[in-house]
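Visitor: I'd like a close look at just one part, the ligand site. Start there, then work outwards into whatever packs around it.

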Amino acid sequence: MERIAIYPGSFDPVTNGHLDIIERGTQIFDRLIVVILKNPKKQFLFSPDERIEMLKTSLLDFPSVEVDTYDGLLVDYAAQRKAHAVLRGLRALSDFEYEFQMALMNRRLKREIQTVFLMTGMRWIYTSSSIIKEAAMFGGDVEGMVPPLVLARLREKFPVLANPR
Ligand code: ADP
């Protein structure tokens, strides 16, 4: 039986930390579906189409990975796609509380779907989309923390980044 996992998030934008989790996820699962979930609580820098383009381009070397978007409950999407697991990445302690709550809520909603956590690679422990956006906005150099297309898109959004300090 094919093992399918969903990797949900905002990916605003995708970072090398996300790619690390995805790459390792492909070693565990036959198929990985990266899904951009609509999150009404959040304000985004990039449109869903821009986020999809950056993800797809960064994932060209991973034929078993698909990119999709969904507006609704994660467990419904997972069931629809016949996924067995939800993949999430864990960084510092600060991620734990939220991830724990969400995993328990998702299990309550649909018991058959397991949440699998992968520890971040040490290199990416402080990498987050939000900290990257904050740095980029003020011209902080984020090269090496994001895939090349994301760096190019950030430079378009924040011209100050074209000449990083
Ligand atoms: P969300 O809006 O759901 O927090 P994100 O796009 O920020 O979505 O993150 C998606 C998933 O990737 C989450 O499980 C998050 O913990 C994980 N993640 C984000 N950055 C990293 C990183 N640097 N290393 C490992 N996992 C990460």
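Guide: Let's call a pair of N or O atoms within 3.5 Å a polar contact; for pairs within protein, one atom must be able to donate a hydrogen and the other to accept it, and sequence neighbours count only through side-chain atoms. This is a predicted model, so local features need pLDDT of at least 70 and side-chain atom pairs pLDDT 80 or more, while totals for chains, interfaces and linings use all residues. Numbering runs from 1 along each chain, and side-chain values use heavy atoms, with hydrogens and water left out.

On to the ligand. Around it sit 17 residues (a heavy atom within 4 Å), and Tyr7, Ser10, Lys42, Gly89 and Thr120 come nearest. Lysine 42 puts a side-chain N or O atom 2.5 Å from a ligand oxygen. Arginine 91 also uses its side chain, with an N or O atom 3.1 Å from a ligand nitrogen. With threonine 127 it's a polar backbone atom, 2.8 Å from a nitrogen of the ligand. Of the 550 Å² that the ligand exposes when taken alone, the protein buries 91% (Shrake-Rupley, 1.4 Å probe).

Follow Tyr7 outwards. Tyrosine 7 touches (heavy atoms within 4.5 Å) residues including His18, Ile22, Val34, Leu87 and Gly89, leaving aside those up to four places away in sequence. In the largest nonpolar core (buried Ala, Val, Leu, Ile, Met, Phe, Trp, Tyr and Cys joined through side-chain atoms within 4.5 Å), which has 31 residues, Tyr7 is among those with the most contacts, and so are Ile22, Val34 and Leu154. Helix 6 gives the most to this core, four residues. (Helices are DSSP H or I runs of at least four residues, strands E runs of at least two, numbered from the N terminus.) Apart from that core lies another, of twelve residues, among them Ile4 and Ile113.

Now the loop between strand 1 and helix 1, home to phenylalanine 11 and proline 13. Most residues other than glycine have a negative phi, and most peptide bonds are trans. Phenylalanine 11 has a positive phi of about 50 degrees, though it isn't a glycine. Because its relative accessibility is 2%, phenylalanine 11 counts as buried (under 20%; exposed is over 50%, partly exposed in between, protein chains only). The bond from aspartate 12 to proline 13 is cis, its omega near 0 degrees.

Technical notes. Buried means under 20% relative accessible area, exposed over 50%, partly exposed in between (1.4 Å probe, protein chains only).
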